[in-house]
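Welcome, and please have a look at the model below. We will walk through it together, one place at a time.

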Amino acid sequence: MPVTIQPAKPLIGGIVEVDKAHLCDDEVVEAVRLSLEERGVLVFPRLGLTDQEQLAFTDRLGERVNFTRSVPGSDASAPDVYKVTLNKKINTEPDYVLGTFFWHIDGVTLDIALPKATLLSARTLSQSGGATEFANLFAAYEKLPDEEKREIEGLRAIHSLEASIRPVYGHPSEERRQRWQSMAPPMEHPLVWTHADGRKSLMVGTHADTIVGMPGAHGRALLWRLQQWAAQPDFVYRHQWQVGDLVLWNNEGLMHRVIPYSDEGRAMHRTSIAGHERPGRVASEEALSATLQPTA
Ligand SMILES: [Fe+2]
């Protein structure tokens with residue numbers, strides 16, 4: 001067998017040893033797919049893929065998608081490879097990259113099937129910061145006390161681009177707020193996502209703004225508590241990057257964030273695999289107005 005996969009931590013993470021020449025072999029692809037479901041995030045240390053090799057591996061795992069093609073500032077010359085960097089020569093609007101300092105699920109504020117998985121490879125590193133953390137939202141749900149599972153059963157949350165990027169700006173101008181709304185209308189998602197295979201995961205992250213039908217403060221307090229719960233060390237794997245590392249994660253059941261960095265040297269190349277499940281929908285006016293009152 002040209003591949004071995006060892007657990008990184010009991011509840012999350014796997015370290016993959018494979019010769020790059022065998023990466024796209026059937027048995028390797030199958031082992032990686034199975035392990036991805038079980039471990040959530042897989043690390044391929046110092047694999048050193050080119051963009052073409054990364055795309056070829058992405059294609060072997062599923063159907064490629066670039067869900068941020070419409071994000072302002074992204075590099076149009078490589079439409080299927082998104083470059084995560086603060087370098088303004090490559091990404092002319094890095095504010096969206098600053099949003100990745102906060103816990104999030106990729107694509108959750110867009111009206112698309114949620115991206116199934118994401119691949120990120122390290123091309124150049126920052127001098128400080130820049131580690132990426134992944135939190136297992138399946139395990140976070142599973143380990144909740146039964147009473148809390150009952151409390152959140154059937155609840156729905158509003159997720160928005162504005163909420164995900166608000167921490168970058170603090171107090172955004174009205175013009176910016178309207179721009180974000182026009183780029184991506186707020187989405188309504190179940191707080192507990194029951195996947196097609198029956199597994200359940202929490203849908204939390206900075207983009208989760210309010211709970212439908214709950215006063216704003218109550219909803220946010222619940223969302224923050226659940227996010228903190230999901231981010232506790234047992235559920236989290238932190239990856240300290242080396243040049244050439246490839247990391248692949250199950251975006252449907254994990255949230256992730258990067259430890260802040262500020263130099264423009266760091267560059268990660270991202271490719272993504274399309275998903276087939278749509279847990280949510282564009283939020284209705286009714287759902288939005290049901291969460292507006294600060295108290296009730
Ligand atoms: Fe991300």
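Which residues line the largest cavity? They are Glu 93, Asp 95, Tyr 96, Ile 165, Tyr 169, Arg 176, Arg 179 and Trp 180. Two or more lining residues come from each of H3, H6 and helix H7 (174–183), where helices (H or I, at least four residues) and strands (E, at least two) are DSSP runs numbered from the N terminus. H7 provides the largest share, 3 residues.

Before going on, a word on the ground rules. This is a predicted model, in which local features need pLDDT of at least 70 and side-chain atom pairs count only at pLDDT 80 or more, while totals for chains, interfaces and linings use all residues. Residues are numbered from 1 along each chain as its sequence is written, and side-chain values use heavy atoms, with hydrogens and water left out.

Back to the empty spaces. Rolling a probe the size of a water molecule over the atoms shows where empty space is left. On a 1 Å grid over the protein atoms alone, a cavity is a set of points where a 1.4 Å probe fits but cannot get out; a pocket is an open set with protein on both sides within 12 Å along at least five of seven lines; and lining residues have an atom within 4 Å of a point. Grid points are joined across faces, edges and corners, and a volume is the space filled by probe spheres set on the points. The structure has 1 cavity of 30 Å³ or more, and the largest cavity holds about 40 Å³. Its lining has 4 nonpolar residues, no polar ones and 4 charged ones. Here Ala, Val, Leu, Ile, Met, Phe, Trp, Tyr, Cys and Pro count as nonpolar, Asp, Glu, Lys and Arg as charged, and the others, Gly among them, as polar.

Now turn to the largest pocket, with about 650 Å³ of space. Its lining is made of 32 residues, and Thr 68, Tyr 96, Thr 100, His 104 and Asp 106 lie nearest the centre. Tyr 96 also lines the largest cavity. Of the pocket's lining residues, 17 are nonpolar, 12 polar and 3 charged. Among the elements that supply at least two of them are strand S5 (82–85), helix H3 (95–98) and strand S6 (117–124). H6 gives the most, 3 residues.

Two residues near the pocket's centre, His 104 and Asp 106, bring us to the metal. The iron ion is coordinated by His 104 (NE2), Asp 106 (OD) and His 256 (NE2), at 2.2 Å. Donors are N, O and S atoms within 2.8 Å of the metal (3.2 Å for Na, K and Ca), and water is not among the atoms, so sites may look incomplete. Along the sequence, these donor residues follow the spacing H-x1-D-x149-H. Are His 104 and Asp 106 buried or exposed? His 104 is buried, at 11% relative accessible area, and so is Asp 106, at 6%. Buried means under 20%, exposed over 50% and partly exposed in between (1.4 Å probe, protein chains only).

Thr 109 sits in the loop between H3 and S6 and is buried at 11%. Leaving aside neighbours within four places in sequence, its contacts (heavy atoms within 4.5 Å) include His 159, Ser 160 and His 207.

Next comes Asp 263, in the loop between strand S15 (254–258) and strand S16 (267–273). Asp 263 is partly exposed, at 23%. Its side chain reaches the backbone nitrogen of Gln 127 at 3.0 Å, and a polar atom of that side chain lies 3.1 Å from the backbone nitrogen of Gly 265.

In the loop between strand S10 (192–194) and strand S11 (200–202) you will find His 195, which is buried at 6%. The side chains of His 195 and Ser 201 are joined by a polar contact of 2.8 Å. A polar contact is a pair of N or O atoms within 3.5 Å; within protein, one must be able to donate a hydrogen and the other to accept it, and residues adjacent in sequence count only if both atoms are side-chain atoms.

Finally, visit Arg 46, in the loop between strand S3 (41–44) and helix H2 (51–61). Most residues other than glycine have a negative phi. Arg 46, though not a glycine, has a positive phi of about 45°, and Arg 46 is exposed, at 54%.
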